[in-house]
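Let's take a walk through one part of this fold together. Please have the structure open and ready to rotate.

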Amino acid sequence: MIERDIEQEFESSYLKQTICAAKEQLLRIESSSRGKKTAIISSKKDFPDDSTHHVTGLWSSQNFDDLVELSQNTSFISGEVSRYEMEVKKIFILEKMLDSPYFARIDFKFDDEDEFEKIYIGISSLTDDKSGEMYVYDWRAPISSIFYRFGTGKAFYDAPSGKITGEVCLKRQYEIKKGILKYFFDADIQITDEFLRKLLSQNSSAKMKTIVETIQSEQDIIIRDMETDLLMVQGVAGSGKTSVALHRVAYLMYRGLTNRLSPENILIVSPNTLFEQYISNVLPELGESNIKSVTFEDIAEIILENNKFQPKNQLMEQLLSSPSTKNEDIRKSSMAFKSSNAFITILNRFIADIPKMWIDFKDVYYDGKIIAGRDILKSMTVNDRKNPLLSIRLKNLEQFITTIIHSMHHDRIKKLENFVSGKPSHKFEVEEAARMLSIRESTTLIKEVRKFTELNLPELYKKLFSNKNYFYSLSKDLELPGCIGQIIDFTLANLNDDFLQYEDALSLAFLHLKIYGRLGDDSIRHVVIDEVQDYYPIHFEMLNLLFPWSRFTVLGDINQTIAKQENLSLYEQIETILNKKSSTLITMDKSFRCTKEILEFSTRFLNGSFELKSFSREGDFPVIYSAKNEESLENMIIEEIMLCREKEYGSISLICKNARDSLMLYERLKGKIDIQLIRGENKEEITGTFIIPIYMSKGLEFDSVLICDADAVHYSSAEDKNLLYIASTRALHRLKLFHTGEMSPLLQEIEGAKEVWN
């Protein structure tokens with residue numbers, strides 16, 4: 001006990017010393033930042049209001065000194081703003097450190113030294129300004145990896161200078177809040193289960209939290225991987241794969257001077273805007289600027305510009321809203337086929353055919369004679385091997401014609417002058433009139449040329465489906481779905497509307513990239529893609545065209561696919577399409593989100609050969625409630641909501657299969673209890689009690705989940721098993737299922753499932 005008291009006194013003293021150092025730095029930086037802010041405001045006041053006019057007026061030799069001075073002033077402002085922003089970021093970090101400067105400590109002895117060094121680990125580093133002594137090491141520092149990967153005993157870490165070996169004699173974790181040491185404990189394992197279990201037992205939050213205190217060894221390996229060009233993670237629900245990806249981004253932004261990535265170098269491709277909002281706090285909490293996050297729809301909108309198309313959520317609603325009918329089956333088959341490798345091959349063959357069959361080349365006349373025949377123009381376009389992009393070949397064709405016109409321009413002007421001079425009305429303005437005629441003539445000619453050098457991609461895409469025999473000729477040696485004829489008819493009917501179906505928008509965007517090239521953003525060096533199980537080959541083909549030189553981190557769970565079935569061959573397809581020098585697939589098969597009982601219940605919806613490990617946090621077993629009618633169902637749901645509120649759960653999620661059913665339930669409940677409907681809009685907060693469709697809930701977690709339509713009508717197919725798995729694994733602490741009518745046969749298959757009747 002005396003030893004524990006001594007340790008307590010030491011730790012309290014060290015915490016006080018660390019917080020004092022952080023306070024001193026904070027006060028100094030706050031004072032400096034105020035000075036910079038004042039200097040910036042003052043400098044901007046001295047800057048001319050009409051800066052554009054002011055700058056253009058300086059472009060002369062006599063004003064060169066003024067131009068240099070102006071350039072120096074703008075450089076000063078830019079530099080001061082940059083330094084001010086860095087200090088604001090440091091202030092934010094130091095303020096967080098005053099609350100909790102570190103969460104762990106290891107005592108490590110290097111092999112060539114005699115004494116153990118105390119290494120404190122926190123969100124960010126803290127160094128003594130005068131002595132250079134490290135109070136706290138950043139969790140991303142090379143030496144910090146020892147905490148995540150080793151217990152006491154021999155250990156090592158990879159430093160820029162090479163592998164560093166030594167020994168750990170102590171691992172300690174802390175609970176510090178508002179600058180007060182609540183408790184600490186020592187452990188001889190990676191992360192003490194007691195500490196992790198305590199964190200996991202807390203309520204969820206509206207935004208995803210950081211996990212620096214609880215990063216597991218296998219997660220740390222993923223986070224710190226600097227060698228792999230394509231890192232693929234297959235992670236079960238609740239395994240922390242999204243958190244790991246975001247912490248990996250923070251690590252990449254921290255690592256070294258040569259390898260460090262800035263925010264503009266990284267892109268996150270999120271499944272939807274709701275998910276974007278949910279993860280938006282993680283990087284700022286880790287002390288890094290938030291980076292650009294887009295959905296695939298955002299990418300498609302940029303490529304397609306003015307072409308309107310069906311949002312992904314609307315597609316999901318279509319596929320999940322109605323029972324299986326012939327039309328819905330064709331819709332699903334159309335999506336699957338047009339996103340497949342087979343259809344990509346057909347599109348590539350179609351692109352090769354465009355200059356051969358689908359461009360109406362014309363003879364080009366100038367000065368009364370043919371200057372370029374249609375056959376020559378077609379041959380030049382088809383046989384140009386130097387330029388793989390059709391758009392460049394057509395632009396070169398236009399340039400070729402323009403060059404010929406330019407070479408004939410002088411003689412043509414003379415002829416026009418002779419023609420004009422014979423007209424009494426132009427007697428005194430012959431040259432000007434001839435020049436105007438020449439301009440009109442050339443403009444008309446270029447317009448005619450651009451009828452075959454500029455492409456209308458939507459119209460071209462429609463031609464692909466206009467003749468079935470032609471379509472079948474392009475699909476030679478390819479395996480087509482049995483309903484391909486119906487898919488062609490379905491597509492042609494839809495293409496007559498101004499509103500593109502989702503899969504046709506993807507196909508058109510792919511054509512655009514293959515014909516016109518990528519968007520020209522070379523700054524992206526790392527792309528993170530979440531929920532990859534819901535993507536198709538065409539998505540990855542487009543990403544490869546957009547970011548050919550980028551590294552990729554992709555994360556998914558084949559058991560959480562919607563409206564299709566997927567297996568591990570997905571990652572082989574991704575590897576083949578992205579074609580990186582080095583790639584690896586890492587499996588995360590341990591779930592930390594759900595209680596043992598919820599996870600055990602959820603895994604019954606999986607293929608029996610798929611192994612899933614639980615962290616073994618105990619709770620209540622899920623219960624299925626069977627109601628005799630709608631009124632009884634509503635009362636049971638309201639009663640469960642009230643129980644959850646008594647337990648002070650921060651998020652109570654009522655999950656329905658689709659948005660239509662979510663809206664219907666909301667209309668029935670809104671007058672009886674305080675509740676909100678999640679529609680997938682940007683500013684929605686995932687707190688309190690709310691109703692949400694399954695496809696919007698992916699990647700999110702809630703304290704309590706109520707699946708409100710667990711009947712045979714809504715859930716009966718193999719694909720519905722995935723939906724029930726997704727919905728069930730959103731729950732941290734409590735899971736209840738409700739239905740009227742016949743219970744889903746997928747629930748009847750679960751042995752020992754408790755059912756309550758009312």
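In which sense, parallel or antiparallel, do strand β21 and β24 pair, and over how many bridges? Keep in mind as you look that this is a predicted model. Strand β21, covering residues 651-656, pairs with β24 in the parallel sense, and four bridges connect them. One bridge to find on your screen is that of L654, whose partner in β24 is L706.

Now turn to β24 itself, which spans residues 702-707. This strand is mostly covered, with six of its six residues buried. Strand β25 (residues 731-740) also runs parallel to β24, and five bridges join the two. Here you can pick out S704, whose bridge partner in β25 is R734. To get from β24 to β25, the chain passes through helix α27, residues 718-728, and the resulting β-α-β crossover is right-handed.

Let's finish at a loop residue, T687. You will find T687 in the loop that links β22 (676-677) to β23 (688-693). Is T687 buried, partly exposed or exposed? Its relative accessibility is 34%, and because buried means under 20% and exposed means over 50%, T687 counts as partly exposed. Which residues does T687 touch, once neighbours within four places in sequence are left aside? They are A206, G650 and Q676. As a last distance to check, the C-alpha atoms of T687 and D703 lie 9.9 Å apart, with the two residues separated by 16 residues along the chain.

Note on methods
Residues numbered from 1 in each chain as written. Predicted model: local features only at pLDDT ≥ 70, side-chain atom pairs only at ≥ 80, totals over all residues. Heavy atoms only, no water. Buried < 20%, exposed > 50% of the residue type's maximum accessible area, 1.4 Å probe, protein only. Contact = heavy atoms within 4.5 Å. Pairing = 2+ DSSP bridges. Right-handed = clockwise from strand over helix to strand, strands pointing away.
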